[in-house]
Amino acid sequence: MKIYLDDRTLTVERGTTVAAAMLNAGVSVFRESVSGEPRAPLCGMGVCYECMVTIDGQRELSCQTLCQEGMRILTR
Amino acid sequence: MTGFDLIVAGAGPAGIAAACRAAETGAKVLVLDNNPAAGGQIWRNDIPALWAQRLSNVEVRGGCSVIDDSILAHGVPIVLATGARELFLPFPGWTLPGVTGVGGLQALVKSGFEVRGKRVVLAGTGPLLLAVASLLRKRGASVTCIAEQAPRSALLRFATGLWRYPLKIAQGIELGGSLLGVPYFTDCWVEEAYGRDRVERVRLSGFEQDCDLLAIGYGLVPNTELATLLGCTLQDGFVTVDAMQKTWREGVWAAGELTGIGGVERSLVEGEIAGLAAIGELTEARKLFSRRAAWHRFASHLTGAFALRPELRALPRPDTIVCRCEDIRYNDLTRWTSAREAKLQTRCGMGLCQGRICGAANHFLFGWQDTSVRPPASAAPVSDLMES
Amino acid sequence: MSAVPDVAIVGGGIVGAACALECKRAGLSVEVYEQSTVGGGATASGMGHVVVMDDSEAQFALTHYSSTLWRELAAELPAAAEYLPCGTLWVAADEEEMAEVHRKQSFYEARGVPVEVLDAQQLADAEPHLRTPLAGGLLVSGDCVVYPPVVAQWLLDQAGVTIHHQEIRALADVPAGIVVNAMGAAAPRLSPGIPVAPRKGHLVITDRHPGFVRHQLIELGYLKSAHSASGDSVAFNVQPRKTGQILIGSSRQYGAEHKEIDREILTRMLRRAAEYMPGIGALTAIRTWTGFRASTPDKLPLIGPWAGREWLATGHEGLGITTSLATGRLLADLITGRTPPIPAEPFLPLRCSP
Ligand SMILES: Cc1cc2nc3c(=O)[nH]c(=O)nc-3n(C[C@H](O)[C@H](O)[C@H](O)COP(=O)(O)OP(=O)(O)OC[C@H]3O[C@@H](n4cnc5c(N)ncnc54)[C@H](O)[C@@H]3O)c2cc1C
Ligand SMILES: Cc1cc2nc3c(=O)[nH]c(=O)nc-3n(C[C@H](O)[C@H](O)[C@H](O)COP(=O)(O)OP(=O)(O)OC[C@H]3O[C@@H](n4cnc5c(N)ncnc54)[C@H](O)[C@@H]3O)c2cc1C
Ligand code: FES
């Protein structure tokens with residue numbers, strides 16, 4: 001299935017989380033910390049909030065969200 | 001939530017076992033989990049066929065967090081099986097992208113992250129390092145080394161004690177086989193990670209190593225937030241239960257890593273007992289006591305071997321970030337004498353994760369204990385708190 | 001310095017801290033007793049809104065004077081004090097409340113406080129996330145927001161006084177010329193008979209949503225519901241934090257003793273907030289908590305001598321952050337015999353003695 005990441009189109013397999021899809025697409029910076037540091041998934045299990053991105057307009061944990069056809073993801 | 005005989009919070013092995021055993025007696029069981037699907041950390045996306053089949057009579061709702069004690073209002077017995085998260089200890093560079101938990105990397109791989117061809121350094125402590133190394137190798141990653149902080153002597157003692165657990169020996173042989181050729185260092189830990197926008201190189205005790213990913217795991221911390229909000233009693237950080245896995249809070253049972261760390265078999269048998277006990281099948285539950293006792297012995301064996309060494313306390317530099325949500329640094333904290341004081345004065349632990357990462361680190365670094373949990377048990381839309 | 005200080009202050013909240021600093025500046029020797037964490041009581045659970053109020057002349061004088069002191073202090077405060085000069089926007093839902101806007105306007109203007117009346121459109125422009133239509137509002141631009149626990153610690157650091165981390169069981173045990181009870185809502189425990197009752201409040205903090213709210217917003221219905229009624233009440237009272245977070249209040253309950261969240265009150269409070277700001281439900285809540293205000297029957301604090309060498313600095317209800325600085329000044333003036341900058345009589349505890 002297809003998802004949209006910033007201005008790219010990605011093809012992902014069913015059952016893939018958004019975090020995994022982003023990592024596979026070579027994204028290394030998921031969010032910027034309060035003091036401007038680059039951050040990416042740490043815990044992989046919904047605890048650390050480092051993997052927050054905007055998914056279809058909502059701030060969500062990408063490691064806890066499965067990719068769905070046509071999803072739009074913004075890294076900021 | 002009405003119409004159920006049992007609600008289970010958490011769909012890892014303990015929760016699945018509780019739900020299945022209860023459902024097999026004819027009870028209507030609902031399992032809630034904040035992950036998209038059942039499985040928990042270890043069984044993420046691959047629940048063993050046997051359990052998957054048994055789970056077919058159970059209603060599982062993924063992507064669903066229990067945020068406060070309003071769940072008790074339904075008058076339905078609750079089994080808490082919220083599992084554990086990893087213990088992270090700060091060191092220079094640990095906030096770089098590409099540095100993850102060991103279990104964290106395992107979870108990411110199981111949810112579709114492709115690691116083929118990536119150079120991975122695994123560091124920390126305990127058997128999880130080996131299990132994850134094996135998974136990574138199967139997925140085509142190159143595990144450049146495994147750094148175990150525990151001393152060799154402790155590991156040998158641990159290994160010679162394993163004869164009492166034939167299942168564990170079998171797993172060990174299998175792991176050993178798949179890891180042949182991976183450098184495994186004891187008395188070794190990560191001192192610093194380097195990189196610009198992502199980790200590129202790490203310094204371990206005495207040597208450096210290039211890598212694409214660094215996974216660190218210093219053990220597990222139970223997710224007791226919900227249990228605390230429901231009014232369960234804790235001791236030494238774990239939920240206190242009686243022989244039937246019943247907590248001190250009426251109508252609430254607990255199983256798995258909430259009550260102690262010790263592997264999947266321990267969680268399973270506790271889950272089975274809790275599920276049966278919660279719906280009143282006490283005789284059946286009692287039949288499992290001896291199996292549980294064996295796994296409890298294994299668990300204490302495990303904890304002894306992988307105790308954290310004091311040198312790890314000296315890793316953060318003054319400017320090393322400790323609280324990642326609020327970017328609070330080590331030297332912001334040294335003036336304060338308690339978790340609450342540090343929190344009120346520096347915002348350490350006040351962010352989105354509410355101290356779930358830095359709280360345990362500060363316990364290790366400074367001996368602080370943050371006992372304060374307030375709803376929601378995890379960040380939630382304001383509207384969730386408006387539902388009565 | 002002799003072994004026994006001139007003044008011992010029991011309570012290291014923002015009021016005790018302000019008293020300590022002003023007494024020290026007045027040349028007195030001072031020690032502070034705090035049973036737990038400095039600024040960890042009501043000071044850690046309030047909203048940190050510094051607001052000029054008009055319930056009575058005395059309340060106005062105290063809040064207005066204190067607000068001036070806050071503005072003077074602003075430049076010195078550390079960044080962690082999160083000083084935010086955002087002003088207060090009193091929100092009027094209907095024409096009746098608009099009449100209140102005009103009444104307030106003339107009250108403040110007559111006393112030299114700059115205010116601005118907003119019509120419905122101006123209100124919508126100023127706060128795009130408020131529901132429409134609303135009638136309008138009154139902007140009091142000199143009001144501000146701070147982070148009280150850090151201020152309390154900072155005031156004590158400035159004072160440089162000894163802090164004993166110790167729970168006091170009886171004021172008579174405390175060695176000092178004067179012992180000041182600054183224990184907030186717990187004050188009656190050691191000064192039995194003072195007319196202070198705890199009034200519980202709930203708050204919710206969100207994740208960072210910068211720009212969602214720009215001013216401290218308070219519904220004018222607040223006056224009808226919160227201040228007059230003696231029962232439980234909730235009001236729309238929402239604050240922007242310097243961090244970009246939103247602090248959502250507020251509730252008032254008498255007779256509630258435990259610090260746990262009352263789910264029913266919380267639900268009512270948040271629904272009230274959502275009536276005014278429909279988008280608030282979609283924000284991410286990270287923590288809820290409660291706190292206790294030290295309320296008095298005439299809504300004025302108790303500042304001054306009480307019995308023998310026992311003095312009081314408590315009873316600040318929902319305004320103790322605002323009025324802490326002025327309280328410190330008044331207390332120090334009363335102790336040293338200086339003339340206070342505003343009349344101290346309305347706040348003297350003896351007004352309440354039978
Ligand atoms: C302006 C402002 C902004 C804030 N922003 C944030 C924010 O962004 N994020 C955030 O998380 N919080 C925020 N807070 C809230 C803060 O974290 C606390 O929730 C708040 O201070 C209320 O405390 P509590 O009741 O939750 O405290 P608790 O920590 O529950 O403690 C209350 C009291 O009980 C005592 N106590 C606690 N546990 C025990 C125990 N087991 N045994 C005995 N005594 C105990 C403590 O010592 C303390 O005196 C903010 C507060 C303010 C005033
Ligand atoms: C929900 C809520 C919202 C509020 N919003 C605002 C607002 O927006 N603006 C505003 O101006 N005010 C507000 N307030 C009021 C304000 O928070 C309080 O008036 C103020 O913090 C009182 O400060 P204090 O120092 O008197 O009390 P506290 O901060 O409670 O300090 C008392 C201290 O005394 C200590 N203590 C008690 N007993 C003993 C003992 N026996 N021995 C030693 N130490 C002891 C306690 O540990 C505590 O630290 C609000 C209050 C609440 C509850
Ligand atoms: S990686 Fe920690 S919450 Fe997603």
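In this predicted model, chain B and chain A share an interface in which 38 residues of chain B are in contact with 31 residues of chain A. The size of an interface is often given as the accessible area lost when the parts come together. Between chain B and chain A the buried area is about 2,700 Å², and carbon and sulfur atoms give 57% of it. Of the area that chain B buries against chain A, 19% is supplied by Pro36(B), Leu108(B) and Arg324(B), more than by any other three residues.

Polar and charged pairs also cross this boundary. Between chain B and chain A there are 14 residue pairs in polar contact, with both residues at pLDDT 80 or more. On the side of chain B that touches chain A, strand 5 (84–86), strand 6 (99–101) and helix 3 (102–110) of chain B each supply at least two residues. Helix 3 of chain B gives the largest share, four residues. By residue class, this side of chain B divides into 15 nonpolar, twelve polar and eleven charged residues.

Two salt bridges are found across the interface of chain B and chain A. In one of them, the side chains of Asp327(B) and Arg39(A) meet at 2.8 Å, N to O. Both residues belong to a network of salt bridges that links Arg31(A), Glu37(A), Arg39(A), Glu50(A), Arg324(B) and Asp327(B). Arg324(B) thus appears twice in this account, being also one of the three residues named above for their share of the area that chain B buries against chain A.

A residue of chain A that touches chain B is Thr16(A), in the loop between strand 2 (8–11) and helix 1 (18–24) of chain A. Thr16(A) has a relative accessible area of 8% and is therefore buried, the limit being under 20%. Leaving aside residues up to four places away in sequence, Thr16(A) touches Ala21(A), Thr65(A), Leu66(A) and Cys67(A) in its own chain, together with Ser111(B) and Gly112(B). The side chain of Thr16(A) also reaches the backbone oxygen of Glu13(A) at 2.6 Å.

Over all chains the count comes to 43 salt bridges. Side chains of opposite charge can pair when their charged atoms come close. The table gives three examples.

| Salt bridge | Closest N and O atoms | Relative accessible area |
|---|---|---|
| Arg263(C) and Asp68(B) | 2.2 Å | Arg263(C) 18%; Asp68(B) 5% |
| Asp210(B) and Arg201(B) | 2.5 Å | Asp210(B) 37%; Arg201(B) 30% |
| Glu250(B) and Lys246(B) | 3.4 Å | Glu250(B) 61% |

The pair of Arg263(C) and Asp68(B) joins two chains, because Arg263(C) lies in helix 9 (residues 263–276) of chain C and Asp68(B) in the loop between strand 3 (59–61) and strand 4 (78–80) of chain B. Arg263(C) counts as buried, and Asp68(B) is buried as well. In the pair within chain B, Asp210(B) is partly exposed, as is Arg201(B). Glu250(B), by contrast, is exposed.

Chains B and C also meet in a sheet. Nine strands form an open sheet with mixed pairing, in the order 20(B)-14(C)-10(C)-13(C)-12(C)-11(C)-4(C)-6(C)-5(C). Its edge strands, each pairing on one side only, are strand 20 (380–381) of chain B and strand 5 (115–119) of chain C. Within this order, strand 11 (residues 216–219) and strand 12 (residues 233–240) of chain C pair in the antiparallel sense over two bridges. The bridge partner of Ile218(C) in strand 12 of chain C is Asn237(C).

Another pairing in chain C is parallel: four bridges join strand 1 (residues 7–10) to strand 2 of chain C. Here Ile9(C) has Val32(C) as its bridge partner in strand 2. Strand 2 (residues 30–34) of chain C is mostly covered, with five of its five residues buried. In a regular strand the side chains alternate between the two faces of the sheet. In strand 2 of chain C both faces are covered, with Val30(C), Val32(C) and Glu34(C) buried on one side and Glu31(C) and Tyr33(C) buried on the other.

A final site lies within chain B. Glu191(B) is part of strand 10 (residues 190–194) of chain B. Although Glu191(B) and Phe91(B) are 100 residues apart in sequence, their C-alpha atoms are 6.4 Å apart in space. Beyond residues up to four places away in sequence, Glu191(B) touches Phe91(B), Pro92(B), Arg203(B), Leu204(B), Ser205(B) and Leu315(B).

Methods. Residues numbered from 1 in each chain as written. Chains lettered and ligands numbered in written order. Predicted model: local features only at pLDDT ≥ 70, side-chain atom pairs only at ≥ 80, totals over all residues. Heavy atoms only, no water. Contact = heavy atoms within 4.5 Å. Buried area = accessible area lost by both parts, 1.4 Å probe. Salt bridge = Lys/Arg side-chain N within 4 Å of Asp/Glu carboxyl O. Polar contact = N/O pair within 3.5 Å; in protein donor to acceptor, adjacent residues only side chain to side chain. Nonpolar A, V, L, I, M, F, W, Y, C, P; charged D, E, K, R; others polar. Buried < 20%, exposed > 50% of the residue type's maximum accessible area, 1.4 Å probe, protein only. Pairing = 2+ DSSP bridges.
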